Amino acid sequence: MRMKSLIAAACMAVAGAGAANAESKVKVGMITTLSGGGAGLGIDVRDGFLLAAKMAGNDDLEIVVEDDQRKPDIAVQLADKMIQSEKVDVLTGIIWSNLAMAVVPAATAQGKFYLSPNAGPSALAGKGCHANYYNVAWQNDNLHEAAGGYANSAGFENSFILAPNYPAGQDALTGYKRIYDGALAGEVFTKLGQKDYASEIAQIRASDADSIFFFLPGGMGISFLKQYADSGLDIPVVGPAFSFDQGILQAVGDAALGVKNTSQWNKDIDNPANKAFVEAFQAEYGRLPSLYASQGFDTANLLLSAMDKADIGDAEAFRAALREADFDSTRGDFEFAANNHPVQDIYVREVIKEGDVYTNKIIGVALEDHSNVYVDECEM
Amino acid sequence: MTIILFIEQVLNGIQFGVMLFLMAAGLTLVFGVMGLINLAHGSLYMVGAFAAAAVAAATGSFLLAIAAALAAAAAAGAIVEIVVIRRLYARDHLDQVLATFALILIFSEGVRWIFGSFPLYLDIPAYLSGPVSLPGGIEYPRYRLALIGVGLSIAAGLFWLISRTRLGVRIRAGESDREMIAALGVDISRLYTIVFALGAALAGLAGALVGAIQSVQVGMGEPVLILAFVVIVIGGIGSIKGALIGSILVGLTDTLGGVLLPEFFRLFMDNSAASSTGAALASMLIYILMAVVLVWRPQGLFGGTA
């Protein structure tokens, strides 16, 4: 036991010396999903992040990118490799909450910083919060709460709600119900990865719902929307932005037109940082950015703003610099709540067609300066 | 639950079942005739869907898209059989599983390389969209009715092919004794390529038909592949009739279980808890069905005595 801790101490001393030699250089390890089913999200986060780094032109920032294949075990291996042999100072990039839960607590416990460009599981916002963990996107419940807020303002009184039967799906329905004041016409949990919603649509038809709330990320949402549009039902649908992002909309087509969805970002938010981002992203990659790209872009800019203020070797000062969030967010106003999760406006968007491209337009604000309910559980 | 909702759910179950049959038929033929476990069958389903989406985007014609799906999947199947699978017949099942698993990875990344990571667009044609009114006041999507029709006619066609044609005779002979029919002068490797391409074409057709109402994306085939394996285990390996009955059974069990179980739990639980317990149990139902069938008839419903 003593031998082990001696070796560990020696290793840490060497690691510390390495960091000191590197002076103010910051090495970022990005673990994200670049292959397989959910690759579109990871690619957008990576492209947004790299674009911000390129635009800043800061030579002190070094970035290593690796593909986690959406598998928790691979994400953990990559994190170990990045911390131990690549000696990164900051980790980022994880898309999925289950992968974040596998990587983040261990990384922050080893004194590394973790900046989340997407996943915001409640466990990391409440009791499991950490001074080195910063979420730049949202707490997982936020967009669903905003959908509930929109349902109230639109006067919905009898919603049919559905989500996949896994933690994020259960959180989604809880988040919607937390804000939504009306009654429920039905509450259905679907199978994770389910692609056929004929049975759920038949239940919606048989209920007397006046609105539908759904959280079905990725391909599940594409299937649901196409089948819903073909069913002849005409009840208003609302959901979080995940089923309506730039990458997915083109596959849904006309079936998505007019659907309301909630998001903390859209390409038409009017501020100079966002304009510059949307133009630069299109020029660099030849496609419209998604909300994931904006999250990657903001994450990099947050890091760059902290690097200007403090040396990463001085963890206390660097934490203070991150907490200030002194960067021009593509979302406009952006600040951190006490648990290092964003306080921000969440908008209602409508799916429209611009020329040949399906995209979103902001039609209102669902929740202003919205924080999260886990702040009080977090003790740092 | 009203009787109309129940009938609608039965139709949904049958529709799901016949699409599963298209997948399971190819899988069971390949397993029965060649003794090969083909994990890459789901990739052929994906190839069909992507070919259909690409051709539909280029020409706007759904029928051409379906033809392209059949052709692309059959071609991919034939090439894979000649290049890779042919070397695996004599090997044990573990080698086959490893090699065909490698094929899944190659197909997935290959398709991602050609078409990108974002899902593709494939929609149902205008003449099949919208609901149709059935007797009894049931509103049912026209396209799903068409799927049931297509699936059942293909099942009938397959029965005719297997029981009435020369190719069918050879397939059945190959199933019972492959050395003997080779000794009788049948070109066994050509027969295997044809059977494999036929199975692949059916999988590709299922991918294209289902892709139009679901999403066309990398990795879409694997969840269906697992269900198709459940179907052929229930139906009996190598039996087309077993695949059909097994598919319909799995389709109905899955659909009706997903609807009825939460309703059942609502009788004595609150709404949220009933939904999540019911959904959790419903997703196990087909595996419970499989276990029950295996206890009762270890060779499957229509399997020969092994």
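Begin by selecting residues 9–22 of chain A, where pLDDT stays under 50 and where the model has 5 contacts beyond four places in sequence. Everything on this tour belongs to a predicted model, and this stretch is a useful place to remember it. Where pLDDT is low, the predicted coordinates should not be read in detail.

**The whole of chain A**

Widen the selection to all of chain A, whose mean pLDDT is 90, with 93% of its residues reaching 70 or more. If you colour by secondary structure, you should be able to find 13 helices and 13 strands in this chain. The radius of gyration of chain A is 21 Å, close to the 21 Å that the globule rule gives for 380 residues, so the chain is as compact as a globular protein of that length. Turned along its principal axes, chain A has C-alpha atoms that fill a box of roughly 70 × 50 × 35 Å. Of its 380 residues, 56% count as buried, and among the contacts that join residues at least 6 apart in sequence, 71% link residues at least 24 apart.

**The two domains of chain A**

Next, colour residues 2–140 together with 269–343 as domain 1 of chain A, and residues 142–266 together with 346–376 as domain 2. The centres of these two domains, taken over C-alpha atoms, are separated by 28 Å. Where they meet, 25 residues of domain 1 of chain A are in contact with 22 residues of domain 2 of chain A. To see the domain 1 side of this meeting place, select helix 2 (39–56), helix 5 (122–125) and helix 12 (291–309) of chain A, which are the elements that give two or more residues to it. Helix 12 of chain A gives the most, with 3 residues. Coloured by class, this side of domain 1 shows 10 nonpolar, 13 polar and 2 charged residues.

**Two loop residues with positive phi**

Stay in chain A and pick out A:Ala325, which is found in the loop between helix 13 (315–324) and strand 11 (335–336). Most residues other than glycine have a negative phi, and most peptide bonds are trans. Phi of A:Ala325, however, is near 50 degrees, a positive value in a residue other than glycine. Is A:Ala325 buried or exposed? A:Ala325 is buried, because 21 other C-beta atoms lie within 10 Å.

Then move to A:Asn340, in the loop between strand 11 and strand 12 (342–354) of chain A. Its phi is also positive, near 60 degrees, and this residue too is not a glycine. A:Asn340 is buried, since it has 25 other C-beta atoms within 10 Å.

**Across to chain B**

Now bring chain B into view, which averages a pLDDT of 90, with 99% of its residues scoring at least 70. Within chain B, confidence is lowest in helix 7 (residues 178–183), at a mean of 84, and highest in helix 3 (residues 62–83), at 96. For the complex, the predictor gives an ipTM of 0.80 and a pTM of 0.82.

How many residues of chain B are in contact with chain A? There are 41 of them, and they meet 34 residues of chain A. On the chain B side, the elements giving two or more residues are helix 1 (3–34), helix 4 (93–115), strand 2 (138–141), helix 5 (142–164), helix 10 (240–266) and helix 11 (271–296). The largest share of that side, 7 residues, comes from helix 11 of chain B. By class, the side of chain B that touches chain A has 17 nonpolar, 18 polar and 6 charged residues.

**A stop in helix 11, and the core**

Within helix 11 of chain B, select B:Leu285. B:Leu285 is partly exposed, with 17 other C-beta atoms within 10 Å. Leaving aside residues up to four places away in sequence, B:Leu285 touches B:Thr253, B:Asp254 and B:Gly257. A measuring line from B:Leu285 to B:Ala24 spans 19 Å, C-alpha to C-alpha, between residues that are 261 apart in sequence.

Finish with the largest nonpolar core, which has 215 residues and in which B:Ala49, B:Ala52 and B:Ala69 have the most contacts. This core also draws at least three residues from each of domain 1 and domain 2 of chain A. Select B:Ala69 and show its neighbours, which beyond four places in sequence are B:Gly48, B:Ala49, B:Ala51, B:Ala52, B:Gly204, B:Leu205, B:Gly207 and B:Ala208.

Definitions and conventions:
Residues numbered from 1 in each chain as written. Chains lettered and ligands numbered in written order. Predicted model: local features only at pLDDT ≥ 70, side-chain atom pairs only at ≥ 80, totals over all residues. pLDDT = per-residue confidence, 0-100. Helix = DSSP H or I, 4+ residues; strand = E, 2+ residues; numbered from the N terminus. Contact = placed C-beta atoms within 7 Å. Nonpolar A, V, L, I, M, F, W, Y, C, P; charged D, E, K, R; others polar. Domains from an automatic or database assignment. Rg over C-alpha atoms; globule rule 2.2 N^0.38 Å. Buried ≥ 20, exposed ≤ 12 C-beta atoms within 10 Å, placed from the backbone. Core = buried A, V, L, I, M, F, W, Y, C linked by C-beta atoms within 7 Å.
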